[in-house]
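Good morning, and thank you for coming. I would like to take you through one structure, residue by residue, and I ask you to keep the picture in view as I speak.

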Amino acid sequence: NEGAQDNEGAWLAGLEVGKVTEKLGSWKAFYLYKRLEPDATFGPITHSDFGGGGTNHKGHRMGVQMGLNKWVSLALAYTRTDEVEGTQNKVDTFQADANLKF
């Protein structure tokens, strides 16, 4: 955001281990830390699952995914975010997903 004078930074760092394949029991796990300052980008285009969407969030996201067969996998993820500036609201999000390929 070239128009902002302050709080325009954003970054993400993480690690992923494993790979979900066609085999039953294949898995992957991930962890990431993300910081998205208030004026980093246009809020409506951000990821809605991180801090409820928008900007001004920093936090952790971690999860696991397990393959059941060639077409189906299950995933669990947990996200914990705080605000970069302001009221310091905290958002905890737990998600369970069934992923189907067709």
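**Charged pairs, an aromatic pair and a nonpolar patch**

Let us start with Asp 92, which counts as partly exposed because its relative accessibility is 44%. Before I continue, please note that what you see is a predicted model.

Which residue is the salt-bridge partner of Asp 92? It is Arg 80, and the closest N and O atoms of the two are 2.9 Å apart. This pair links distant parts of the chain, with Arg 80 in strand β4, residues 72–83, and Asp 92 in strand β5, 12 residues apart. Arg 80 is also partly exposed, as its relative accessible area is 26%.

How many salt bridges does the structure hold in total? There are 4, and I shall describe two others. In one of them, Lys 28 is paired with Glu 16, with 3.8 Å between the closest N and O atoms. Lys 28 belongs to strand β2 and Glu 16 to strand β1, so this salt bridge ties together parts that are 12 residues apart in sequence. Lys 28 has a relative accessibility of 23% and therefore counts as partly exposed.

In the other, the side chains of Asp 82 and Lys 90 meet at 3.2 Å, N to O. Is Lys 90 buried or exposed? Its relative accessibility is 52%; the cut-off for exposed is over 50%, so Lys 90 counts as exposed.

I now turn to the aromatic residues. The structure holds 1 aromatic pair. It is formed by Trp 11 and Tyr 33, whose ring centres lie 5.4 Å apart, and with 40 degrees between the planes the pair is tilted. Trp 11 is in strand β1, residues 10–19, and Tyr 33 is in strand β2, residues 27–36, so the pair ties together parts that are 22 residues apart in sequence. Trp 11 itself counts as partly exposed, because its relative accessibility is 46%.

Next, please look at Ser 73, which lies in strand β4. Is Ser 73 buried or exposed? At 7% relative accessibility, it counts as buried; the cut-off for that word is under 20%. The side chain of Ser 73 makes a polar contact of 2.7 Å with the side chain of Gln 65. Leaving out residues up to four places away in sequence, Ser 73 touches several others, among them Val 20, Met 66, Gly 67 and Asp 97.

That last name leads us to Asp 97, a residue of strand β5, residues 90–100. Asp 97 has a relative accessible area of 37%, so it is partly exposed. What does Asp 97 contact, apart from its neighbours within four places in sequence? The answer is Ser 73, Leu 74 and Ala 75. Asp 97 and Leu 74 are 23 residues apart along the chain, while their C-alpha atoms are separated by 5.8 Å.

Leu 74 brings me to the final feature. Together with Leu 15, Val 17, Leu 24, Trp 27, Met 66 and Leu 68, Leu 74 makes a nonpolar surface patch of about 680 Å². One member of the patch, Leu 15, is found in strand β1. Leu 15 counts as exposed because its relative accessibility is 58%.

Thank you for your attention. I would be glad to take questions.

Definitions and conventions:
Residues are numbered from 1 along each chain as its sequence is written. This is a predicted model: local features need pLDDT of at least 70, side-chain atom pairs count only at pLDDT 80 or more; totals for chains, interfaces and linings use all residues. Side-chain values use heavy atoms; hydrogens and water are left out. Rings of Phe, Tyr and Trp (its six-membered ring) pair if their centres lie within 6.5 Å; planes under 30 degrees apart count as stacked, over 60 as edge-to-face and the rest as tilted. Helices (H or I, at least four residues) and strands (E, at least two) are DSSP runs, numbered from the N terminus. Buried means under 20% relative accessible area, exposed over 50%, partly exposed in between (1.4 Å probe, protein chains only). Contact means heavy atoms within 4.5 Å. Patches are made of residues with over 30% relative accessible area and no salt bridge: like charges are joined within 9 Å, nonpolar side chains (Val, Leu, Ile, Met, Phe, Trp, Tyr) within 5 Å. Accessible areas come from the Shrake-Rupley method with a 1.4 Å probe; for residues, only the protein chains shown count as cover. A polar contact is a pair of N or O atoms within 3.5 Å; within protein, one must be able to donate a hydrogen and the other to accept it, and residues adjacent in sequence count only if both atoms are side-chain atoms.
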